[in-house]
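Got a few minutes before you open the viewer? Here is a quick briefing to keep beside the model while you click around.

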Amino acid sequence: MLDENAPKFYLTTPIYYVNAAPHIGHTYTTFAADMIRTYKRMTGYRAVLTSGTDEHGQKVQRAAEKMGQTPEQYTATISEEFRTQWEKLGLHIDRFLRTTDPRQAAAVGKLYSACKKNGYIYKGSYTGQYCMFDELYVNDAQPGDPCPECGRPTETVTEENLYFKLSAFKEFLLDHFEKHPEFIQPEIRRNEILAFLKNDLKDLSISRTTITWGIPVPDEPGHVFYVWFDALMTYWTAVEGEGLWPADLHLVGKEIIRFHAIYWPAFLKAAGWELPKRIFAHGWLLFDNDKMSKSKGNIVRPEPIRQVMGADPLRYFLFREIPFGGDGNFSFDALVGRYNSDLANGLGNLLSRTTAMIRQYRGGKIPAANGAARGAAAIADEATKTAAAYCDSFDRFEFHRALEQVWALLTFVDRAIVQYQPWNLSKQEDAESQARLDEILYSSAETLRIVSILLKPVLPEITEKIWAQLGMTTALLDERIDRLEWGGLAAGQAVGEAAQLFPRLDLKETVEKMNELEVVEVARQNALLGKTAPEVASTPAEWTAPEGITPVAPQIEFDDFAKVDLRVARILTAEKVEKADKLLKLTMDVAEREPRTIVAGIAKAYTPEQLVGRKVVIVANLQPRKLRGIMSNGMIVAASLENTSPVLAGFLEDVPVGARLK
Ligand code: MSP
């Protein structure tokens, strides 16, 4: 059992965006975090792991809108999808935090207030590229660049934002990285960050006034926090008041290292809070040697693999195959190949061989091994050395090396069995042969005991089964990985029932089965995300829609449609919006007490003169939103193909203003 006073080890995964369902990339980081958590626990730490979901921002709001859901409904569904996925995979997440948790708003507010009090927040105007059609900021885009969502040219807009004085932290960061060389790992990422810091740091815009789905900035009506200022704080919020901060380790993918190694320490320093101890950025999991992405349709999900071979073999494969830190390729063939060679043949075979011989030659009881015959002593030495080397590698997160070492030990024992020939020794009645038989049986079983302890972080379910087969009744998790000693297996202990841990898998059949399950899983996930197009690479294109026609949105209930209030409106006035060549400000008669104002992106298609007096259709019950400082109350309905001008909806017969479309 863990000592009450055990030192803490607090680690985190990134919090995942809810605009995608969990896939093998998210799983990779979360597996690694779970492995480190267990390893730390088994080396005497009180290890606590935080993960969660990143739920704010315009994209999420839009995804929810597209599905006719509120952002609250949408985010709850997808967040739950992540949580259940981790449960199914047997992962232990101690704290699962959603950015929509009320504790998060409070904590982000505290961070902001502390930064502000210390003089690191100021108001400025933000200029960037914006897509009027999608109502989306496009980061890093240059004037005239297309919107990544719809391809229309973006426009340069300016709005008032709150800024964080990131520029004030360059020297501090350089100094911190020098004093704490372990802060950013691996080395390649540290160098990347140092190179980045050769240039001056630009201040960071941390709020938006065009977005409503976010944490409101205290005392700044209309402003919500913009992504990273909110997201990074989950690490802190999740353990607030528990004495676990600072984090000992943030595990992230390499693409978000900059936010973690530069923004995050700067925010914390500005607030006067403690910095995390270490950030480790791993590489990308590729599929067919290409980065997985929604648009390429080459995303792999863990669920079909788990259903066919269990979660442990997938973990083993990922961390044995790919040196942690670098990029690596995922392939179903390689997965099944390693399963058969390393798990079914290697580990599984040694276990079934050992327990079968103990049953056959020693009545199912672990024999005592008193003699120190050369071979057995050599196994003992090898196992002890392996355990030490394993810990060294694991401490450096060189999981592939740690696993390689264990498998070298298994091979060593296999060879010793061949040398000893227990099947011949069993036929000799002399005491020496019988003692040698005891030694090899004991050594194999004891090696398997040690290996179960070493592998517990990587193969959490399988090792429990091996543990039980060896007749162990203590809690495997309470063993100390860093204090392994040869000889822990008690003589006379009865080995358990034989069970086939790793049935051999036929490559073709297994991959086919996984592919079939993948189609089902993709359809299920797409339904949650409100997508119609399946995202599997192999899906045949049976029919191609005419250019510019998008697929019909997922079906909705009649009640959902009934929520949308479409009305006939007459345009009373129309004028151009300053510095926005696509926008028109319209006032409309909708048979209400007062005319409404609607800002519409139709200035390229219609002149104000063409519009005044015209009857059009509007969505009358959309939440008002501010566009270019003008509150727009509703939306005008127009039809367009992708990349063509919008055409306003109208009527052939006359129809009174205010009439509802049903
Ligand atoms: N929400 C931000 C992170 C905020 S942390 C305060 C985010 N979310 S994400 O959903 O895009 O997740 C990115 C992370 O998922 C990566 O950093 C990595 O940990 C993991 N991965 C997603 N795809 C991956 C691969 N293909 N390969 C390896 N890891 C991947 O960024």
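What follows is a short lead and then bullet points, grouped by topic.

This is a predicted model, with a mean pLDDT of 91 over the chain. The chain has 662 residues, and 52% of them are buried. Its secondary structure adds up to 20 helices and 25 strands.

**Overall picture and confidence**

- Taken along the principal axes, the C-alpha atoms fit a box of roughly 110 × 60 × 40 Å.
- Among contacts with a separation of 6 or more, 74% are between residues 24 or more positions apart.
- A pLDDT of 70 or more is reached by 95% of the residues.
- The stretch to watch is residues 534-543, where the pLDDT is below 50. Beyond near neighbours in sequence, that stretch makes 12 contacts in the model.
- Where pLDDT is low, the predicted coordinates should not be read in detail.

**A helix pair: H14 and H16**

- Helix H14 covers residues 399-420 and helix H16 covers residues 431-455; their axes lie 11 Å apart, at an angle of about 170°.
- Why call the pair roughly antiparallel? Angles over 145 degrees count as roughly antiparallel, and the angle here is about 170°, so H14 and H16 earn that label.
- On the H14 side, the contact is made by Leu403, Val406, Trp407, Leu409, Leu410, Val413, Ala416, Ile417 and Tyr420.
- H16 brings Arg436, Glu439, Ile440, Ser444, Thr447, Val451, Leu454 and Leu455 to the contact.
- By type, the residues of this H14 and H16 contact split into 13 nonpolar, two polar and two charged.

**The four-stranded sheet**

- Strands S5, S4, S6 and S8 form an open sheet in the order S5-S4-S6-S8, with antiparallel pairing.
- Strand S5 (136-138) and strand S8 (204-205) are the edge strands, and each pairs on one side only.
- Strand S4 (residues 121-131) pairs with S5 over three bridges, in the antiparallel sense. If you want a landmark there, Cys131 stands opposite Leu136 in S5.
- S4 is also joined to S6, by 10 bridges and again antiparallel. Here Gln129 has Thr156 in S6 as its bridge partner.
- S6 and S8 run antiparallel and are joined by two bridges. The bridge partner of Phe164 is Leu204 in S8.
- How many residues of strand S6 (residues 155-164) are buried? Seven of its 10 residues are, which leaves S6 mostly covered.
- As background, side chains in a regular strand alternate between the two faces of the sheet.

**The three-stranded sheet**

- Another open sheet has three strands in the order S14-S13-S15, and its pairing is mixed.
- Strand S14 (290-291) and strand S15 (328-330) sit at the edges with a single partner strand each, so one side of each has no neighbour in the sheet.
- Strand S13 (residues 285-287) and S15 pair in the parallel sense, over three bridges. In that pairing, Leu286 stands opposite Asn329 in S15.

**The S17 and S18 hairpin**

- Strand S17 (residues 580-589) runs antiparallel to S18, and five bridges join the two. Met588 stands opposite Arg596 in S18.
- Six residues lie between the strands of this hairpin, and Ala591 takes a positive phi near 60°.
- Strand S18 (residues 596-600) is mostly covered, with four of its five residues buried.

**Two residues to click on**

- Gln85 lies in helix H3 (residues 71-88). Is Gln85 buried or exposed? Its relative accessibility is 3%, so Gln85 counts as buried.
- Setting aside neighbours within four places in sequence, Gln85 is in contact with Pro22, Pro302, Glu303 and Glu521.
- Ala649 lies in the loop between strand S24 (647-648) and strand S25 (660-661). At 26% relative accessibility, Ala649 counts as partly exposed.
- Again leaving out neighbours within four places in sequence, Ala649 is in contact with Lys615, Val616, Val617, Val637 and Ala638.
- For a sense of scale, the C-alpha atoms of Ala649 and Leu409 are 74 Å apart, with their positions 240 residues apart along the chain. Leu409 is one of the H14 residues in the contact with H16.

Methods:
Residues are numbered from 1 along each chain as its sequence is written. This is a predicted model: local features need pLDDT of at least 70, side-chain atom pairs count only at pLDDT 80 or more; totals for chains, interfaces and linings use all residues. Side-chain values use heavy atoms; hydrogens and water are left out. Axes are lines fitted to C-alpha atoms, for helices over the stretch in contact, and angles run from 0 to 180 degrees between N-to-C directions. Angles under 35 degrees count as roughly parallel, over 145 as roughly antiparallel, 65 to 115 as roughly perpendicular and the rest as oblique. Contact means heavy atoms within 4.5 Å. Ala, Val, Leu, Ile, Met, Phe, Trp, Tyr, Cys and Pro count as nonpolar, Asp, Glu, Lys and Arg as charged, and the others, Gly among them, as polar. Two strands pair if DSSP finds at least two bridges between them. Buried means under 20% relative accessible area, exposed over 50%, partly exposed in between (1.4 Å probe, protein chains only). pLDDT is the predictor's confidence in each residue, from 0 to 100.
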